[in-house]
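Reader: I'm new to reading protein models, and I get lost in all the ribbons. Could you pick one part, look at it closely, and then show me what surrounds it?

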Number of protein chains: 2
Amino acid sequence: MAELLPELIDEVVSAPERGEQDNIVALVAAQDTDDVALLLESLPLEQRLKVWDGIPKRRRLDVLVAMRGDPRETLIAATDIDEWEAIFFEVDAEQLLELSDSLPNALVDKALDAMDKQQRQYFTDASQFSDDQIGHWLSQDPLVLPLNAKVRDALRLIRRDVPTHADTIFLVNRAGQFSEAVKLTKVMGLPDHVPLVDLSEETFDTINAEDELTLASLMVQRSGFASLPVVDEQNKVLGRLDISTASELLNEFYERQVMATAGMDEDEDLFSSVPKSAKNRAVWLGINLLTAFLASGFIGMFEATLQQVVALAVLMPIVASMGGIAGSQTLTLMIRGLALGQVTSSNVKALLKKELSVGGLNGVVWALVIGCIAYFWFADPMLGVVICVAILLNIIAAAAAGVVVPMVLHKFNIDPALSGSVILTTVTDIVGFVAFLGLGTLFLL
Amino acid sequence: MAELLPELIDEVVSAPERGEQDNIVALVAAQDTDDVALLLESLPLEQRLKVWDGIPKRRRLDVLVAMRGDPRETLIAATDIDEWEAIFFEVDAEQLLELSDSLPNALVDKALDAMDKQQRQYFTDASQFSDDQIGHWLSQDPLVLPLNAKVRDALRLIRRDVPTHADTIFLVNRAGQFSEAVKLTKVMGLPDHVPLVDLSEETFDTINAEDELTLASLMVQRSGFASLPVVDEQNKVLGRLDISTASELLNEFYERQVMATAGMDEDEDLFSSVPKSAKNRAVWLGINLLTAFLASGFIGMFEATLQQVVALAVLMPIVASMGGIAGSQTLTLMIRGLALGQVTSSNVKALLKKELSVGGLNGVVWALVIGCIAYFWFADPMLGVVICVAILLNIIAAAAAGVVVPMVLHKFNIDPALSGSVILTTVTDIVGFVAFLGLGTLFLL
């Protein structure tokens, strides 16, 4: 079993202190490619480059392919132009497709020059699809035979080399259109002359090259097969999507969702340079600042009230925060539901009703609790009533916004995971402050 | 290709309006199990039960197994005790393991009674492992042959039935300990008498039954094989983990992370009953209320100041919110790094340094911007200076807390995805309010 990643990182990071820098090369050489990629991502820049220098040139391409975009680019930037010939020695179309966004155009051309004609054609074909279409990411090595092929043809095909996670032969007609699929294990031990169509699967899905990544990946994950054929509009087989790629694409989908909630993307480097990282994050801080000033602007409308009843200033963050928390729960549920296709225009009304009821129930309970505490804290029964009503209003508004905001963003093809929470908390901040300070102005002055 | 889920949902939801309730049974019957499960999860309770009633009893077990915990339990609760005999007609150990947490004990016993002895033994064996160990989730149908087996034995084994995603035969010694693995495709077309050991893979990982789910799943995803053997401490083969299960476990891991940030779990039902949902979420609201009151307590210490300089009340949410946003970016990066094993005690110091530098840089920039705006808004240069310094302090504190809080939680085996953001925003709220109001008290009175 591979050495566990955290232990590997600890060993490499502490090597210089222990005067064992030289052993690192051997240690890294013994790890598999994915672990080397994860290790490099986990090292501070200076050490990352040192370890990178110790990796043989022939191995570097695989390692780069396995890394996330941002940390990968730190290594590409540090690699001398002369070294690329050796790195691109055996580059293929799939590797270049994975890397091309990280590489300067000149290097993409260099890699294309190093490829044979067939691989170059693969690269051109896949580049016609955008990187959110499955056609961009397919494997171009499906096991394909004509419809009239027999067991002996299958055996001949397999004797060469069976690609990873290819467990079926796709049978195509003369136009190259997908027709049937035959599991390799069904062919085993049968006489040579048996026609393959007699062994074909009853139901077998195909993926359209223009399909969206997550849905296509889920289809493969659920199919029970190791790969499904990817076809064009004419049903011609372009390649296959295997379950390992599908699983990685799903991981990336979820990572994107997690990172998006904090305004970052999934390629973010743990140890990116300080200016780059600061720049990446500044945008998000700036957007949030706008919304914070907006909320402050609403508070500013009640300056006179705040001056007279300072307890309102003390308690107002509670009103805003309870709305924000309640809203983010609804929002999180909605984001998942929309991403998985489980929330649609037909069931969203029922969902809104349910979330409003949940908000109403929790709103009443917590509004009473908070109202009582405020009453005892400031010995002012009317203050208790005011905060009680404001909390209730804000939690209900939060439930409504938690359903409506992501639904509207989704309609406009904006990822609710990215911008949903900014908009939601703006709503809950403003409703919270206005309700609380407004009611305060009416009943406490 | 299967009908797309959102369209299916729309059709089922709108059927009663269109007077087509009867067609739903046929429509649902035509969907595959996973889509039926997703459909049921997406329906409001009343309609969910109606569709459930139309599903043949023999199919219900598979559908329940494919569903999330909470929505599944609504269906279990609505199913009459007499119906279970038909539902459990062909229940196996893996299905019962998936369901057992959702089922009342009496029903688990009923299911065990319906199983044959071997399946019952499987269930008992797997139940010895907790549900965060891979031994609980393994498939107990590996292709196993003795070390001295030949190609003919492999063919005989395969001719029966090859389980889904089993692409290798595990060769074991007399004690049942794992020794070698042979890819099925390597056996094809070879003479009967060839010993299987001659065809075995050079390197092949095994998973320990006590391994944690995510790491074990990643091992399978990266292995290039469709399943890896799961062994006990004596290296005896207990079963296998296949790549489809691994991929589903990874999906669940990420879903848990996403849902945890809002204090929910991955089994949360889109349409759970209002009291249940309100109860689930109340805990999270309560915890956040405590922290909100804590922050208010700190604001309360500055009542006298707030009364004299009401601008502080207007601007204080900005100071808190900028800290919260900056901190949540660092926290999100840390949570991912810790979950993937990329952040360890050896590189966390370098990470802290980087995050403090990023925070310092962004802090200076945004502190100046906010300081200027505050100065012009309230025509008070000193107020500009005060908010400028408070913002800088809070963004730097946020960076420190964003690294330290999840690290400490991780050390104590508490999931930072769940409690990290509550603690972090408590820190940034308090630091923000105290710094801003404290400096205001010193320099503005």
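**A pair of residues and its sheet**

Author: Let's start small: A:Val230 sits across from A:Gly239, a residue of strand 6 of chain A. The two belong to a bigger ladder, since strand 5 (residues 227-231) of chain A is joined to strand 6 of chain A by five bridges, and these strands run antiparallel. A quick word on names: helices (H or I, at least four residues) and strands (E, at least two) are runs taken from DSSP and numbered from the N terminus, and two strands count as paired if DSSP finds at least two bridges between them.

Before we zoom out, some ground rules. This is a predicted model, where local features need pLDDT of at least 70, side-chain atom pairs count only at pLDDT 80 or more, and totals for chains, interfaces and linings use all residues. Residues are numbered from 1 along each chain as its sequence is written, chains are lettered from A and ligands numbered from 1 in the order in which they are written, and side-chain values use heavy atoms, with hydrogens and water left out.

Back to our ladder. It's part of an open sheet of three strands in chain A, ordered 4-5-6, with mixed pairing. Strand 4 (207-208) and strand 6 (237-242) of chain A are the edge strands; each has a single partner strand, so one side of each has no neighbour in the sheet. Helix 13 (residues 213-223) of chain A packs on this sheet and touches strand 4, strand 5 and strand 6 of chain A, where contact means heavy atoms within 4.5 Å. The direction of helix 13 makes about 70 degrees with that of strand 6 of chain A; axes are lines fitted to C-alpha atoms (for helices, over the stretch in contact), and angles between N-to-C directions run from 0 to 180 degrees.

Now step back along chain A to another open sheet: three strands, order 1-2-3, again with mixed pairing. Here strand 1 (144-146) and strand 3 (178-183) of chain A hold the edges, each with a single partner strand, so one side of each is left free of a neighbour in the sheet. On average, and ignoring direction, neighbouring strands of this sheet are turned by 35 degrees against each other. Strand 2 (residues 168-172) of chain A pairs with strand 3 of chain A in the antiparallel sense over five bridges, and A:Val172 has A:Phe178 as its bridge partner. Helix 11 (residues 151-160) of chain A lies across strand 1 and strand 2 of chain A, at about 155 degrees to strand 1.

Where does all this sit? Chain A splits into domain 1 (5-134), domain 2 (144-260) and domain 3 (274-444), with bounds from an automatic or database domain assignment. The C-alpha centres of domain 1 and domain 3 of chain A are 45 Å apart.

Further along, A:Glu268 makes a salt bridge (a side-chain nitrogen of Lys or Arg within 4 Å of a carboxyl oxygen of Asp or Glu) with A:Arg281, the closest N and O atoms being 3.7 Å apart. A:Glu268 is in the loop between helix 14 (243-260) and helix 15 (274-300) of chain A, while A:Arg281 is in helix 15 of chain A, 13 residues apart.

And there's a second copy! Chain B superposes on chain A (RMSD 0.1 Å) by a rotation of 180 degrees with 0.0 Å of shift along its axis, which is the relation of a two-fold axis; the fit is by least squares on C-alpha atoms of residues with pLDDT of at least 70 in both. As 99% of the interface residues of chain B are also interface residues in chain A, the copies meet through the same surface. In chain B, strand 2 and strand 3 form a hairpin with five residues between them, and B:Gly176 in the turn has a positive phi of about 80 degrees.
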